[in-house]
Amino acid sequence: MCGIVGYLGNRKAKDVLISGLKRLEYRGYDSAGIATMESAKLMISKTSGKVEDLISSIPADSHNGNIGIGHTRWATHGRPNDNNAHPHSDNAKKFSIVHNGIIENYNSLKIFLKSKGIVCKSDTDTEVLVQFISYIYSEKKLSFTETVRLALKEVVGAYGIVIMCDYEPDVIIAARFGSPLLLGIGDDEFFVASDSSPIIEYTRNIIFLDEGELAVIKPTGYEVRDINENILVSKEIEKIKYDLEEIEKGGYDHFMIKEINEQAHTVAESIRGRIDLEEMKVMLGGIYDWLPQILDAKHITITACGTSWHSSLIGSYILEELLKVPVKVEYASEFRYRETFVNNDSVVIGVSQSGETADTLAAIRKAKDQGALTLGIVNVVGSSIARETNCGVYIHAGPEIGVASTKAFTAQVVIFNLIGLLLAQRKGVNANICQDLINDLDKMPNLIQEVIDSGHNVLSIAKHFNNVDNFLYLGRGYQFPVALEGALKLKEISYIHAEGYPAAEMKHGPIALIDEEMPVVFLVTEKGYDKVLSNIEEVCARGGQIIIISTMINDELKSYSDHIIQVPKVHHCLQALLTTIPLQLLAYHIAVIKGCDVDMPRNLAKSVTVE
Ligand code: F6R
C-alpha cells in the first residue's frame with residue numbers, strides 16, 4: 001500500500017528512485033512522483049497514473065541531484081489525480097515528503113494550519129503533515145531533525161515517511177509508525193524503502209525501522225532515534241535473504257503466472273528441512289520452544305485477511321481435525337474491534353503473506369494484550385507480524401509480487417499441515433494418519449508440477465467462459481475455502497462478479513441466480529461425492545453451465561459437463577493445494593483474454609498497510 005523509496009549517495013538519485021518505484025509499483029499505481037535536491041533546491045515531478053507515465057513526463061536532462069525521494073500511490077485521501085500525487089510540499093516549497101499510511105488527526109491539523117493562514121492545496125492528509133512540519137520549523141527555529149520529531153509527536157495515525165528540506169539539503173529523514181520502512185546501507189550510499197525490493201540491487205545490508213523510530217541519513221552516516229524519548233537507538237544490520245531474479249518476471253508476461261508456475265518449487269521450499277521421512281517426524285524450529293504452551297491451549301483462533309483468510313479456514317479444519325481442539329477463524333478487521341474471547345489459554349495465529357497487513361497486525365497486538373500466545377505464519381522475513389508474534393513459521397514462498405496472491409496461499413496450507421502434524425505427533429494422535437499425511441506432503445511438489453503442466457486444459461475453459469458477468473464456485477468441506485479462493489481470484493483480476501459457497505448452501509439462496517448464462521465451478525472429491533453430485537444435478541436442472549475440478553473423472557461426471565479438469569487425489573488435508581491451481585489459472589487466463597492488467601488490477605494494491 002503505497003511504495004516509498006529514498007536515496008542519498010553518489011549515484012544519480014533519479015535513476016535509483018525510478019527503478020525502485022518500478023519494483024514497488026505492486027504496492028500502488030494510482031500516481032507516481034519523485035523529488036530530488038538540485039543545488040540545495042527541491043525539484044519535484046509527479047503525475048497521476050503509473051511509473052511509466054512519470055518517466056515520460058520527466059525531461060531527460062532534469063533531476064541530476066544525488067539525493068531524492070519517490071512514491072507510488074494507492075489512494076486513501078483524495079482522488080488519484082496529479083494534485084494529490086506525492087511528493088507533497090509546503091507552500092514555500094522548502095520541504096518535500098512522501099508518505100504511506102493515514103494521518104487520522106489531519107482534519108484538526110488542517111483547521112489549525114488554516115487559523116495560521118496556511119491553506120492546503122490538495123485533498124491529502126500527507127500535505128497537511130508537511131505543511132505542519134514547515135509551520136513548526138518557521139515557528140520554533142529548530143533543526144530539521146528536531147522539527148520533524150516534534151511534529152510527529154503531534155500526529156495520530158499511521159505513517160512511514162521520508163522527507164527532505166532545502167534548509168539542510170544533504171539530509172534525508174525517515175520515520176515509521178505503523179507503516180513499514182527499512183534502510184539499505186551501502187558503501188557511502190544509503191537507501192530507504194517500504195520493502196527491500198528497491199535496495200537489493202545495490203546492497204544486501206538492511207536495517208528495519210521499528211515503530212516510533214526516526215532515521216537521520218547524511219553523507220557521513222546515519223543515526224536512528226526514538227521519536228518520543230529522543231534517544232539514540234542501536235540497530236542491527238540484517239541481510240536480505242532472497243536473490244534479485246526472484247523479484248523479476250524472468251521471461252513471463254506477468255508476475256502472477258510466474259508465481260503460479262513456481263508453486264512446485266515454493267511448496268518444496270516450504271517443506272524443505274521440515275520433514276524427516278525416515279523418522280516420520282516434523283521439525284519447526286520457530287515454534288519449538290513454545291510447544292508446551294501451544295499444546296496446553298484450550299482454544300485456537302486464526303486471524304487473517306483475504307486469501308490468507310481462506311488458507312486459514314483450511315488451517316482451522318486441519319487443526320481441529322488433527323488436534324481435537326476448538327479452532328475459530330476470524331477476519332482480522334472484525335477480530336480487532338469485536339468483543340473476543342481470547343485469554344492466556346488461547347493461541348492466536350496471524351497469517352499474512354506480507355506480514356504488514358494493518359488489520360492482522362492490530363489483531364495480533366490485541367491478542368497479545370489479552371494474554372494469548374501469538375504465532376505468525378508469514379512470508380516476508382523480518383516483517384512486522386513476524387517480529388511482533390511470540391513465535392512463528394515462515395512459509396518460504398519467496399517474494400510474491402503479483403497483486404493476486406497465489407504461491408503464498410499454497411505455502412500457507414502446507415504450513416498449517418506441518419503445524420497440525422507436529423502438534424498431533426506431540427499429542428500422540430494416531431501414527432498412521434500422520435504417516436499418510438507426511439508421505440503425501442513429500443509428493444506435493446511433483447503433483448503440483450503435474451497440475452501446472454496440464455494447464456492448457458484450463459485455457460480452453462477460459463476461452464469458453466470469458467464473456468460472462470457472473471461465476472459461482474461451490475465446494476464442500478476442505479473444498480469450500482477453495483471455492484472462496486477461486487471466486488476471489490477471478491473477481492479481483494478479471495472484474496467478473498464471482499461468489500464462493502458451500503455447495504449445499506446454494507439451495508438457500510444463490511440457486512436463484514442460476515440460468516443458462518451462469519457458469520458454476522464444482523470442486524469434487526471422493527469425500528462427499530454423492531452430495532456434490534446432487535448439487536451438480538440441481539444446477540443442471542436449471543440450465544447452469546457446469547465446470548468440474550475433480551480428483552476423478554467418470555461417465556457420471558462427464559454426463560454433466562465437457563469442462564472437467566482432473567487433479568491427482570491426495571490426503572484431504574492437502575487436496576486444496578491441487579484443486580486451487582486450476583482456479584488460479586482459470587482466473588489468470590480469463591483476465592488475460594479480457595485484456596485486464598493482471599499484475600495491477602484496478603483499485604487494488606499488494607500489502608494493505610492501512611485500515
Ligand atoms: C488476494 C490478496 C489479498 C491478500 C490480503 C492479505 O489475492 O492478495 O486478499 O491475501 O490482502 O494480505 P497478507 O496475506 O499480506 O496479509
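This is a tour of selections to make in the viewer, with a note on what is found at each stop.

The model is predicted, so local features need pLDDT of at least 70 and side-chain atom pairs count only at pLDDT 80 or more, while totals for chains, interfaces and linings use all residues. Residues are numbered from 1 along each chain as its sequence is written, and side-chain values use heavy atoms, with hydrogens and water left out.

**Stop 1: helix α1**

Select residues 13-24, which form helix α1. Helices here are DSSP runs of H or I with at least four residues, strands are runs of E with at least two, and both are numbered from the N terminus. The 12 residues of α1 reach 16 Å from the first C-alpha to the last, close to the 16 Å expected at 1.5 Å a residue. The expected span is 1.5 Å times one less than the number of residues.

How many of the 12 residues of α1 are buried? Nine of them are, and the helix is mostly covered. Buried means under 20% relative accessible area, exposed means over 50%, and partly exposed is in between, with a 1.4 Å probe and protein chains only. Among the buried residues are V16, L17, I18 and L21. Now show β1 (3-8), β2 (31-38), α2 (51-57), β4 (67-73) and β10 (190-193): the buried residues of α1 pack against these elements. Contact means heavy atoms within 4.5 Å.

Stay on α1 and select R23, which is buried at a relative accessible area of 17%. Add E201, which is partly exposed at 38%. Their side chains meet in a salt bridge, 3.1 Å from N to O. The two residues are 178 apart in sequence, with E201 in the loop between β10 and β11 (205-208) and R23 in helix α1. A salt bridge is a side-chain nitrogen of Lys or Arg within 4 Å of a carboxyl oxygen of Asp or Glu.

**Stop 2: the loop between β2 and β3**

Select S39 and then A40. S39 is in the loop between β2 and β3 (41-48), and A40 lies in the loop between β2 and β3 as well. Phi of S39 is near 45 degrees, a positive value in a residue other than glycine. Phi of A40 is also positive, near 60 degrees. S39 is exposed, with a relative accessible area of 75%, whereas A40 counts as partly exposed at 37%.

Next, select K50 and D597. Their side chains meet in a salt bridge, 2.5 Å from N to O. This pair links distant parts of the chain: K50 is in the loop between β3 and α2, D597 is in the segment after α20, and 547 residues separate them in sequence.

**Stop 3: a cis peptide bond**

Select H86 and P87. The peptide bond from H86 to P87 is cis, with omega near 0 degrees. P87 is found in the loop between β4 and β5 (88-89).

**Stop 4: helix α12**

Select residues 358-369, helix α12, and pick out K366. What is the nearest side chain of opposite charge to K366? That side chain is E339, 6.7 Å away, and K366 is buried with no salt bridge. Lys and Arg count as positive and Asp and Glu as negative; His and the chain ends are not counted. The charged end of K366 sits over the ring of F335, 5.2 Å from its centre. For this, NZ of Lys or CZ of Arg must be within 6 Å of the ring centre and within 35 degrees of the ring normal.

Also in α12 is R365, while E211 lies in the loop between β11 and β12 (213-218), so the pair ties together parts 154 residues apart in sequence. R365 forms a salt bridge with E211, with the closest N and O atoms 2.8 Å apart.

**Stop 5: aromatic rings**

Select F465 and F471, both of which are buried. They form an edge-to-face aromatic pair, 6.3 Å centre to centre with 70 degrees between the planes. Rings of Phe, Tyr and Trp (its six-membered ring) pair if their centres lie within 6.5 Å; planes under 30 degrees apart are stacked, over 60 edge-to-face, and the rest tilted. Then select F95, Y137, F144 and Y167, which form one aromatic cluster.

**Stop 6: helix α17 and Y495**

Select residues 479-494, helix α17. Of its 16 residues, 15 are buried. Y495 follows α17 and has a positive phi, near 65 degrees. The charged end of R602 sits over the ring of Y495, 3.9 Å from its centre.
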